[in-house]
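Got the viewer open? Let's take a walk through the model, one selection at a time.

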Amino acid sequence: MDQYVGGFALLAIGVLETVVICYVYGLNRFSSDLELMFGVRPSIFWRATWCFIAPVMLVVILIMNSVFYKEVTYNLNGVIISYPDWATAIGWIVAMLPIVAVPVYMLIQFCSLGGIQVLKDTTKPVGDWGPADPAARREYGKNPFVALPVYKKFEMDEGHRNHAYDLDDRV
């Protein structure tokens with residue numbers, strides 16, 4: 001299974017992720033979100049890597065894996081044996097499941113819940129998404145591409161806590 005799941009599926013998902021982040025969500029919006037979180041806008045190096053270098057390299061690797069694909073075999077006491085066709089088919093099905101699952105689920109939801117309106121509704125951020133600070137939230141709501149003030153140390157209101165830093169719940 002390593003031959004199938006560890007190669008093609010991960011490369012294909014990587015290509016899709018970089019394309020969605022840069023060209024569907026938008027590089028400017030993504031960079032603004034990172035600036036909001038870290039206080040520094042990503043440099044041209046990172047933006048070029050995310051939009052051009054990484055997708056091109058991943059596609060090249062994906063193509064090269066396809067061109068130089070060899071049937072999976074195993075060594076049994078010095079004898080090279082090929083897996084049966086049904087086993088190879090199962091390997092490819094398992095490799096395709098993570099890639100096909102999301103579009104299939106999207107298509108099911110798209111058809112059963114109202115078509116194009118579902119697509120419009122699901123591509124909008126939920127109402128409570130954004131900065132926790134009320135002033136930053138108002139500024140972000142005006143224009144998501146505006147650089148927000150950088151908060152070097154953000155003090156949460158009394159009664160709020162960031163559960164990511166709870167030591168009790170760590171495994």
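Before the first click, a word on vocabulary: a residue is called buried when its relative accessible area is under 20%, exposed when that value is over 50%, and partly exposed in between. Keep in mind, too, that you are looking at a predicted model.

**Stop 1: helix α2.** Select residues 44-67, which make up helix α2. The helix has 24 residues, and from its first C-alpha to its last it reaches 33 Å, close to the 34 Å expected at 1.5 Å a residue. Now centre on W50: α2 has a kink of about 45° there. Which residues of α2 are buried? Show T49, C51, P55 and L62 as sticks, and you have them.

**Stop 2: a nonpolar surface patch.** Next, select V56, V59, V60, I63, M64, V67 and F68 and switch on the surface. Together these residues form a nonpolar patch with about 630 Å² of accessible area. As you look along the patch, a general point about helices may help: an α-helix has 3.6 residues a turn, so residues three or four places apart point the same way. Pause at V67, which belongs both to α2 and to the patch. Is V67 buried or exposed? V67 counts as exposed because its relative accessibility is 53%, and the cut-off for that label is over 50%.

**Stop 3: the salt bridge.** Pick R41 and E35 and draw a distance between them. These two form a salt bridge, with the closest N and O atoms 3.2 Å apart. The count for the model comes to 1 salt bridge, so this is the one to label, given that a salt bridge needs a side-chain nitrogen of Lys or Arg within 4 Å of a carboxyl oxygen of Asp or Glu. Compare the surroundings of the two partners: R41 is partly exposed at 29% relative accessible area, whereas E35 counts as buried at 14%.

**Stop 4: the hairpin.** Finally, select residues 73-76 for strand β1 and residues 79-82 for strand β2. The two strands run antiparallel and are joined by 4 bridges. Click on Y74 in the first selection, and you'll find I81 of β2 standing opposite. The hairpin has 2 residues between the strands, and N77 lies in that loop. What is the phi of N77? The angle is near 55°, a positive value in a residue other than glycine. Turn on the surface once more, and N77 shows up as exposed, with a relative accessible area of 76%.

Conventions:
Residues are numbered from 1 along each chain as its sequence is written. This is a predicted model: local features need pLDDT of at least 70, side-chain atom pairs count only at pLDDT 80 or more; totals for chains, interfaces and linings use all residues. Side-chain values use heavy atoms; hydrogens and water are left out. Patches are made of residues with over 30% relative accessible area and no salt bridge: like charges are joined within 9 Å, nonpolar side chains (Val, Leu, Ile, Met, Phe, Trp, Tyr) within 5 Å. Accessible areas come from the Shrake-Rupley method with a 1.4 Å probe; for residues, only the protein chains shown count as cover. Buried means under 20% relative accessible area, exposed over 50%, partly exposed in between (1.4 Å probe, protein chains only). Two strands pair if DSSP finds at least two bridges between them. The expected span of a helix is 1.5 Å times one less than its number of residues. The bend at a residue is the angle between axes fitted to the seven residues ending there and the seven starting there.
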